[in-house]
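Student: I would like a close look at the aromatic rings of this structure and at the parts of the fold around them. Please take me through them in one connected account.

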Amino acid sequence: MEYERGRKEGVPSNVGPKPTFTGNAMQDALLDDGDRGQVRVYSVVFEPGARTYWHSHAAGQTLLIASGRGMVQNRDGDRRIVGAGDVVWAPPGEVHWHGAAPDSFLSHTAVSLGLTSWHEEVGEEQYRSAFEGQ
């Protein structure tokens, strides 16, 4: 067994933007098996308007929403506003993005299974239109 106790001492948070995020998102690795890529568990805090690029996970991803308000959308256009207590499952290979609402922070724990494949950025118009009427 391997035990981890939350955020690792002496390891700074990874603060975006970077090639896989638009806007600022702070990530802390809670469990990361490195090059094997079988399981990665991250605590992520998105600033308002921050979001991931389109991406998928070889064996799926679970998001445990802790606080704030945000959006999850898949490539087929299925989208949901998410908030504290929500649990989201993205099945293996499903291309999706997630992030904070324009007016709210979003905090979640992401459990990513298998390797992550990154795609293009979610453009500003596409992001804004996801929240219209919500």
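**Aromatic rings and their surroundings**

Tutor: In this predicted model, Arg-51 lies over the face of Tyr-127, at 4.2 Å from the centre of the ring. Tyr-127 is a useful place to begin. With a relative accessibility of 0%, Tyr-127 counts as buried, because the limit for that word is under 20%.

Tyr-127 also has an aromatic partner. The centres of the rings of Tyr-127 and Phe-131 are 5.2 Å apart and their planes stand at 65°, so this pair is edge-to-face; the term applies because the angle is over 60 degrees. Both residues belong to helix α1, which covers residues 124–131, and being four residues apart there, they are separated by about one helical turn. Phe-131 has a relative accessible area of 11% and is buried. A further ring joins this group: Trp-97, Tyr-127 and Phe-131 are linked into a cluster by ring pairs.

A search of the whole structure gives three aromatic pairs. One of them is formed by Phe-21 and Phe-46, whose ring centres are 5.9 Å apart and whose planes are at 50°, so the pair is described as tilted. Phe-21 is in strand β2 (residues 21–22) and Phe-46 is in strand β4 (residues 39–46), so their contact ties together parts that lie 25 residues apart in sequence. Phe-21 and Phe-46 are both buried.

A second arginine is placed over a ring elsewhere. Arg-75 lies over the face of Trp-54, with a distance of 4.5 Å to the ring centre.

Strand β4, which holds Phe-46, can now be followed to its neighbours. With strand β3 (residues 25–32), β4 pairs in the antiparallel sense over seven bridges. One position to find in the view is Ala-29, whose bridge partner in β4 is Tyr-42. The hairpin of β3 and β4 has six residues between the strands, and in this hairpin Gly-34 takes a positive phi near 70°. Strand β4 also pairs with β11, again in the antiparallel sense, over eight bridges. In that pairing, Val-45 stands opposite Ser-107 of β11.

Strand β4 leads in turn to the largest pocket, which holds about 320 Å³ of space. The lining of this pocket has 19 residues, and Gln-27, Tyr-42, Ser-112, Thr-116 and Trp-118 are the closest to the pocket centre. Tyr-42 is thus both the bridge partner of Ala-29 and one of the residues closest to the centre of this pocket. The largest share of the lining, four residues, comes from β4. At least two residues each are supplied by β4, β6 (55–57), β11 (106–113) and β12 (116–118). By type, the lining divides into six nonpolar, 11 polar and two charged residues.

The second largest pocket has about 160 Å³ of space. Strands β7 (61–74), β8 (79–83) and β9 (87–90) each supply at least two residues of its lining. Among the lining residues are Gln-73, Arg-79, Trp-89, Pro-91 and His-96. Here the lining divides into five nonpolar, three polar and four charged residues.

Methods
Residues are numbered from 1 along each chain as its sequence is written. This is a predicted model: local features need pLDDT of at least 70, side-chain atom pairs count only at pLDDT 80 or more; totals for chains, interfaces and linings use all residues. Side-chain values use heavy atoms; hydrogens and water are left out. Rings of Phe, Tyr and Trp (its six-membered ring) pair if their centres lie within 6.5 Å; planes under 30 degrees apart count as stacked, over 60 as edge-to-face and the rest as tilted. Buried means under 20% relative accessible area, exposed over 50%, partly exposed in between (1.4 Å probe, protein chains only). A charge sits over a ring if NZ of Lys or CZ of Arg is within 6 Å of the ring centre and within 35 degrees of the ring normal. On a 1 Å grid over the protein atoms alone, a cavity is a set of points where a 1.4 Å probe fits but cannot get out, and a pocket is an open set with protein on both sides within 12 Å along at least five of seven lines; lining residues have an atom within 4 Å of a point. Grid points are joined across faces, edges and corners, and a volume is the space filled by probe spheres set on the points. Ala, Val, Leu, Ile, Met, Phe, Trp, Tyr, Cys and Pro count as nonpolar, Asp, Glu, Lys and Arg as charged, and the others, Gly among them, as polar. Two strands pair if DSSP finds at least two bridges between them.
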